[in-house]
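Colleague: I should be grateful for a close look at a single part of this model, chosen by you. Please describe that part strand by strand, and then set it in the context of the whole chain.

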Amino acid sequence: MQFDVSVINVPAMQERLSHTVLVVDDNPVNPRLLTSILRGADYQVLTSGNAAETLRLIEKQVPDIILLDVMMPGMDGFSLCRKLKRDDKYVDIPVIFITSLSQQEDIVEGFNAGGNDYIVKPFNRQELLARVRNHLHLYDMLKENKRLIALSEDASRSKTEFLASMSHEIRTPLNSIIGMAEVLNGTKLTEEQRDFVRIFRTAGESLLAIINDILDLSKIEAGQTESENIDFHLPSLLSSVASILSVRATERNVDISITIHPDVPEGLRGDPTRLRQILINLVGNGVKFTENGSVKIFVEKDSEMKLLFSVKDTGIGIPADKQQLIFESFTQADSMTTRKYGGTGLGLTICQKLTKILGGEISLSSAPGEGSTFFFTYPLNPALTNVTPDNEETEPATQCELLKDAHILLVDDNEDNRNLLCLYLRNTPFTLETAENGRDAVELFKKTHFDIVFMDLEMPIMDGYEATRQFRKWEQTEKLVATPIVALTAHAFVRFKKKCMEAGCNDYLTKPVRRNTLIHCISRHLQMNAAPDQDAPETLPDKNDPTKVVLNHKIKKLIPRFLSNKREDTKQLLQSLEAEDFDSLSQQAHTIKGTSWMYGFKYLGDLCLELEQDAKAKNSKHANQLIETIRTHLENVTITYDDDLS
């Protein structure tokens, strides 16, 4: 991204009229001779007879270069040079040793001590001045480069702060616009009204896409892009990309298809978030520039270490002389493209940079009127655990039924945001209370138990960071279980997320927030925070027979998939134990525990709780027994459904 700094007065580097030279020598004759030579060349000269005097002198006046004798009483010249080079204030000052020591080992020691040059006495006057002049020139260039770097960093910080501020100010009203459109779209509307809602919802999402593109590129350039290294299911990821773009594709009569070569593993380990972002940009571009055609996604092996993704469209195509240009920021193949098709010209720039971050390369093949094919490579790292499409999240409505009542605190000074979340959670089993600032929230938190808290960051009286710290302090004082706190903010930069986590938050949602995203977040945190004695259905009517489980009929359709997943998960538990990977074993047991309790399998959850504790204690023998008990339980469990079970 080009950033205009023309308003900043950056003078060209000018050679200084006078430099200060420090001469350090215990023999009075040598400083007098050097002073005469240097002053004749218009240098200012300081003199010192030993190391201690030198250290006192440079604290008051820092020289531009030091001419240093070696053999001196007390600390010798080599030791003094080492001391100076360890100090950030003096490390860049050039040091020239002037000494009668002429042995090769002495010269090597001088350079090892940090010296920039080494002159053996007696010296030539012209050679001395030439060396001093050259080192001072290099020193001036170094200082000027550091000054320009500091100016550049200041400009970059100013740009980042500006983007962060503008992002926050724009996202806050966008949260209300897009959110209210979503709520309104769920009400009874005439066809004309529904078209109106679609128009302003689409406009809001287009504006949000522009903001996200600019912020994404800014974060990449600032080195703030976070990468994941987790297991994910490739077919599910590709299906989600097609699903996200399906409405736009239908409007343009474009068919999106996916083809995965049989030798490509379904389970991969890497960064699904960034991979999805690249694919959404490329497939989205294909849909945008195609009408009455198709966009096809192909995945195959490029080598034993790489996958090759291809996104082929039947759109307008790109001239050969424009194909490299389109990867530059704010650039499209034709100036009329932006006017006709919209967009910022940042999508492909982001794809190129993200692909490079992930260890791949991107290219394209295209011709006007014949469509385009974008190719990019991606590291081929098979998943370490069993990953299936069945691990996808359940629908929000089902999650609400499973979680039942939950008491939620929303802290936000913006009334529109509070009203929006109230509408989002209408017709759910959740009870919502609100606070307008951190101080009121702390007072309310001390009086009432909440299952989860959504915390805005920038508020009057007390901001969200301090309120979160006060929550955590109160919990520690009262010896309470930590309540999940989710930062709900319009700030989208990494440093804000880091600051939230340091304050004590568990999660971070960026406005505008969709209803499904909010429900999923509540579900995830209440599932992880669940305890077996909370509102989970009673699963052991016969406490002497843990193989018999009674469940609510509402979740009957989910149970076959659940049991299949847990049986596969048990195999992964055993693999982690055999590999003595106790961290993975603990995490896997923790995840199965929460899911089991949420679905109503109390006995299974209790076993996983015990296994999690064994994994943390590295108790292999008992952990192995527990895994066998879990496997046997899943093979023998019998389930009945009770319509009256609450």
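Modeller: The account below begins with the model as a whole, dwells on one sheet, and then turns to some other places in the chain.

The model is a predicted one, in which local features need a pLDDT of at least 70, side-chain atom pairs count only at pLDDT 80 or more, and totals for chains, interfaces and linings use all residues. Residues are numbered from 1 along each chain as its sequence is written, and side-chain values use heavy atoms, with hydrogens and water left out.

The mean pLDDT of the protein chain is 80, and 78% of the residues score at least 70; pLDDT is the predictor's confidence in each residue, on a scale from 0 to 100. The chain contains 21 helices and 19 strands. These are DSSP runs numbered from the N terminus: helices are H or I runs of at least four residues, and strands are E runs of at least two.

The part chosen is an open sheet of five strands, whose order is β14-β13-β15-β16-β17 and whose pairing is parallel. Two strands are said to pair if DSSP finds at least two bridges between them. At the edges stand β14 (430–435) and β17 (507–510), each of which pairs on one side only. From one strand to the next, the twist averages 20 degrees. Such angles run from 0 to 180 degrees between N-to-C directions, the axes being lines fitted to C-alpha atoms, for helices over the stretch in contact.

Strand β15 deserves particular attention. With β13, β15 pairs in the parallel sense over four bridges; here I408 has I452 of β15 as its bridge partner. On another side of the description, β15 (residues 452–455) is joined to β16 (residues 485–489) by three bridges, again in the parallel sense. Within that pairing, F454 stands opposite V486, and V453 stands opposite I485. Helix α13 (residues 415–424) packs on the sheet, where it touches β13 (406–411), β14 and β16, and its direction makes about 175 degrees with that of β14. Contact means heavy atoms within 4.5 Å.

Are the residues of β15 buried or exposed? Both faces of the strand are covered: I452 and F454 are buried on one side, and V453 and M455 are buried on the other. A residue is buried under 20% relative accessible area, exposed over 50%, and partly exposed in between (1.4 Å probe, protein chains only). Across the whole chain of 646 residues, 46% count as buried.

A further open sheet of five strands has the order β2-β1-β3-β4-β5, with parallel pairing. Its edges are β2 (44–48) and β5 (117–120); each has a single partner strand, so one side of each is left without a neighbour in the sheet. The twist here averages 20 degrees from one strand to the next. Strands β3 (residues 65–68) and β4 (residues 95–99) run parallel and are joined by three bridges, with I66 having V95 of β4 as its bridge partner. Helix α3 (residues 77–85) packs on this sheet, touching β3, β4 and β5, and its direction makes about 175 degrees with that of β4. Helix α4 (residues 104–112) lies across β4 and β5, and runs at about 150 degrees to β5.

In the segment before β1 (20–24) is H19. Why is H19 classed as buried? H19 is classed so because its relative accessible area is 6%. Not counting residues up to four places away in sequence, H19 touches Y43, Q44, D64, L136 and D140. With D140 there is a polar contact between the two side chains, at 2.8 Å. A polar contact is a pair of N or O atoms within 3.5 Å; within protein, one must be able to donate a hydrogen and the other to accept it, and residues adjacent in sequence count only if both atoms are side-chain atoms.

Finally, some stretches call for caution. Over residues 1–16 the pLDDT stays under 50, and the model has 22 contacts beyond four places in sequence for them. Over residues 530–543 the pLDDT also stays under 50, with 29 such contacts. Where pLDDT is low, the predicted coordinates should not be read in detail.
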